[in-house]
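Here are a few exercises to work through with the model open on your screen. Try each task before you read its solution.

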Amino acid sequence: VRGVGAGQPINARSAAERRTAQEERRRRRTAQPEQDGADARQRLRLGAMPVLAVAAALGLLLVALGNDAARDSSSTLQQGLFWVGLVLIYAPIAFRLISSAPGREERIALVLTLATALFAVKLLRSPTGFTRFDELGWWRATHDVLSTGGAFSHNPIVVSTSGFPGLSTVTAALSELSGLSVFHAGLLIIGIARVVLTLALFLFLERTIGSARAAGIGVAVYACNPSFLYFDAQFGYESLGLMLAIVLLLATLRWSDRSERRRPEALPGTVGVLVVLSLMLVITHHMTTLAALLFCAVWTAAILVLNRGRRDDYTSEWLAGPGLPTALIGVGALLWFALVAGGVTLTELGGVFSGMLDSLLNLITGGSGSKQLFSGSGQSEPMAARALVVASVIPPLVAIALGVLKMWQEEEDDPLRVSLAGVAVLYPVTLGLRITLASSETSQRASEFVFIGVSFLAATLIAEWDWTRRSLRRLGGLLAITGVATITFLGGFIIGELQATRQPGPYLVGAEDRSITSEGIAAARFASAHLPPRSRILADRTNATLLGSYGELDPVFGRYADISIPRVLFGGEFDRADRRVVHGQSLAYVVVDRRLSRELPLIGYYVESDEEGAFERRRPIAIESLRKFESVPGVSKVYSNGPISIYDTSALLRRPP
Amino acid sequence: VTALPARPSRDLTAVAALALLGLALALLPGSGWVEGAVLVLLVLVLPGYALAAALFQPRSIPAAERTVYSIALGIAVVGLSALVVQVLFNLDRGLWVGLLLAATLVACWAAQRRRELLPFESAPPRVEPPSVNPLAVVAMLLAVGIAVAAFSIAVHSTKDSRADAHFAELWVLPRTGADAGPVESAVSIGVGNHEGRRVSFRLRATRGKEVVARWTVRLARGERWQTSLRTPRPSATAPLRVTLLRDGRVYREAFLTGEAES
């Protein structure tokens, strides 16, 4: 690795040169990359972007054709169309971003094209309605805002929506005023959030590293995180929260610049943005709030440690730099947690973290084995996908190692850069969490945060590579890095998404999007039209999601009097314990989907992750267990569409068990 | 240093005018897509633009950064103001319009006040849109066209796969509020056709071994049929059973029963 224009190995640089390079970076960070409102009419230099946009659109066409074919079956050709489409979207733009030719305007246009095209991939997966668990939960939350006029309705599907109403209120406002459906309003908001996130990340990295090229590369690397393609493009609070957090970091960067704080024309604006966005972030998403708070706190601590003894730096000013957003987010989150969202946050995150700790402890003490890699409950990845996954985690690890080494050799003392490197170093830790099933979720959810640090280090390395060699070798280097980036992107997607849910296809049991069918939607529409709203029901996860959203009913999960509620569905006969559950939980309806007896649930469980037999079943639920409600005295079968039946159990509630 | 003359800025005037147009369209019934488009702007663009203009003076930050702040602030204004207001009022269409209009106009006024205090040489210049190479425009339009085609394939593919599921719904529900008394009850019986074609169904309601009613129902694709029936109250020993037959075979069955015997 050589420094830009230095022509000598970094470790051979003198301390003075290193200091000069760091000062130059700081100067470039504070410089305004452009000013709006230039007097002359300027020509927008888009370079190769329009051609690459056509390539990306062709990629989308291939993805659509691949998905179309996959709805009936899943042959190699159909999957091939999909994967070639993804490569056609990502690789040409990544190649151009890595090369040194484009100007700043073209790079911005390219990252926006990449963001839009990758968001469209998610849209092509389910273009007519929400199909993911979280999305349907947020559909319900938005629907409740529209129907009740309040922001804090209890949500039986995603409980935390009642504590973080940022997304649902904004979507409800757009839907109410524009006449758009909740689906279309949600798509618009998440699509805009995705584009703004990308642009804000570009600007943040540009100012941090001091190079538009590095910023473009950073965005291309960030798109490789396992959650980017689908999870963070879904209609969910994290998709909006991430955007708010990155914009907040951008404003924090401006606020951290002492010369900026002395400019009266920008000072109130920066403070205003920090205040408004901190509050909005706090009411939008818990994990992103926590991540932003921790990062700002680490950044503040790094300033205090690294700038100790320097009187000319902003350590002398209280709340200067990231101190102000740390205080704003910290106080806001504390109050919000104490007054509004503490319960739902503990319910959701507590379960995730305690599950992770339990599984890790069990693994250490030998109470359980590690997770079998590359396999869900029902499907295992083919060899090529496994190879791609292994190959995809190596480049980030190498980038982190080389990046940290380079910073060490350069005696890097910029607090922000050191903090970002600290975030990147968490990446191997998150990989380690994938050894157990419960901690995999934590690893998955951390990826969008740690990849900010990874993208910083990788972008710094690639952009500062010595590109002054002969053109042929330079081209080879560009192609090689583009290839590595593409492998990382594809592997990241495989890591982040179940094999079955990457593309549409025929019905599968317990397989999230793949379990949403016309029969399920019809049953939910029936419930919405004919059953009392908010009636309490018991159903498998897929039908609970549909009936809890489109059906406007309240699915019930968990335990009652130490009895697992899902056992009502699984038992061979309807016994006294089942009666106790129905009575105690006021279950008015039980929904039975006979297709559950066809195969094991792909995600490992039928109703909830801590039900009896979850992840351990060897045989699917017996059809006799599902048929037992036909002959339970007092239970009526009020609806049937073939696979799905709804049983009215309300008569059982009038008599104690 | 000379202050700017107190003349309204064009951009702020346009934003305020669009916000007021949004109010007018929201009050008028049935303005169609124009209303929708203007009100989308009122939610996602106008408050954020006005607030960013109030917070940052012209040319104080780069255009790309201003764009990012404008959109994020706009979304935040909607979310935070709704949160405060819903404590006192129900969030409905009128309240949303009033809230966003007020936020936009107040921010426009504040931005205008700040601009009036600017020294003359800092006056916001007339902003002209940058020119783009016509070939680039053609290429981007081509890209949009291909993307629309991809989306169209995805939509049709999804709808076709949904239509491939051929099934019918049958339901039978006690009609609350229409009960005739302790002996008789009213029930609602319905059928939904999702077979993807016109289908003729036969329907039979029985109580014990007694046939209470029969129907022949011919339903077009996607059509629903519903009727009500007065019968003796179903019981555990004599439930009301409704059977849907297609091509002479039992296709669906639903039943109402009474409370379980103790």
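The exercises below concern a predicted model, and each comes with a worked solution.

**Exercise 1. The layout of chain B**

Task: Work out how many helices and strands chain B has, and in what order the elements run from the N terminus.

Solution. Start by counting: chain B has 6 helices and 7 strands. Next, follow the chain from the N terminus, where the order reads α-α-α-α-α-α-β-β-β-β-β-β-β. Then look at burial, where 47% of the 262 residues of chain B count as buried. Now turn to contacts within chain B between residues at least 6 apart in sequence: 60% of these join residues at least 24 apart. Finish with the surface: chain B exposes about 13,100 Å², and carbon and sulfur atoms supply 61% of that area.

**Exercise 2. The partners of strand 3**

Task: Find which way strand 3 of chain B pairs with strand 4 of chain B, parallel or antiparallel, and do the same for strand 3 and strand 6 of chain B.

Solution. Take strand 4 to begin with. Strand 3 (residues 199–207) and strand 4 (residues 210–219) of chain B are antiparallel and share 9 bridges. One pair to locate is Arg207(B) with its bridge partner Glu210(B). The hairpin of these two strands has 2 residues between them, and Gly208(B) takes a positive phi near 65° there. Now move to strand 6 (residues 240–246) of chain B, which also pairs with strand 3 in the antiparallel sense, over 7 bridges. Here Arg204(B) has Thr243(B) as its bridge partner.

**Exercise 3. Where the chains meet**

Task: Describe the interface of chain B and chain A by its buried area, its residues and its salt bridges.

Solution. Begin with a convention: interface size is often given as the accessible area lost when the parts come together. Chain B and chain A bury about 7,900 Å² between them, with 68% of it on carbon and sulfur atoms. Ile75(B), Arg162(B) and Phe255(B) lose the most area to chain A on the chain B side, together 8% of what that side buries. Then count residues: 85 come from chain B and 99 from chain A. Go on to the polar side of the interface, where 19 residue pairs are in polar contact and the rule finds 2 salt bridges. In a salt bridge between Arg254(A) and Glu65(B), the N to O distance is 2.7 Å. Last, ask which elements of chain B take part: those giving two or more residues include helix 4 (63–85), helix 5 (93–116) and strand 7 (249–256). Helix 6 of chain B gives the most, with 18 residues.

**Exercise 4. Two helices of chain A**

Task: Decide whether helix 8 of chain A is enclosed or open, and whether Ser168(A) is buried or exposed.

Solution. For helix 8 (residues 212–222), 11 of the 11 residues are buried, so this helix is largely enclosed by the rest of the structure. Among them are Arg213(A), Ile217(A) and Tyr222(A). At the start of helix 8, a side-chain oxygen of Ser211(A) reaches to within 3.2 Å of the backbone nitrogen of Arg213(A).

Now go to Ser168(A), in helix 6 (residues 166–178) of chain A. The cut-off for buried is under 20% relative accessible area, and Ser168(A) counts as buried because its relative accessibility is 1%. The side chain of Ser168(A) reaches the backbone oxygen of Pro165(A) at 3.2 Å. Leaving out residues up to four places away in sequence, Ser168(A) touches Trp138(A), Ala141(A), Thr142(A) and Val145(A).

Technical notes:
Residues are numbered from 1 along each chain as its sequence is written. Chains are lettered from A and ligands numbered from 1 in the order in which they are written. This is a predicted model: local features need pLDDT of at least 70, side-chain atom pairs count only at pLDDT 80 or more; totals for chains, interfaces and linings use all residues. Side-chain values use heavy atoms; hydrogens and water are left out. Buried means under 20% relative accessible area, exposed over 50%, partly exposed in between (1.4 Å probe, protein chains only). Helices (H or I, at least four residues) and strands (E, at least two) are DSSP runs, numbered from the N terminus. A polar contact is a pair of N or O atoms within 3.5 Å; within protein, one must be able to donate a hydrogen and the other to accept it, and residues adjacent in sequence count only if both atoms are side-chain atoms. Contact means heavy atoms within 4.5 Å. Accessible areas come from the Shrake-Rupley method with a 1.4 Å probe; for residues, only the protein chains shown count as cover. Two strands pair if DSSP finds at least two bridges between them. Buried area is the accessible area (1.4 Å probe) that two parts lose on being put together, summed over both. A salt bridge is a side-chain nitrogen of Lys or Arg within 4 Å of a carboxyl oxygen of Asp or Glu.
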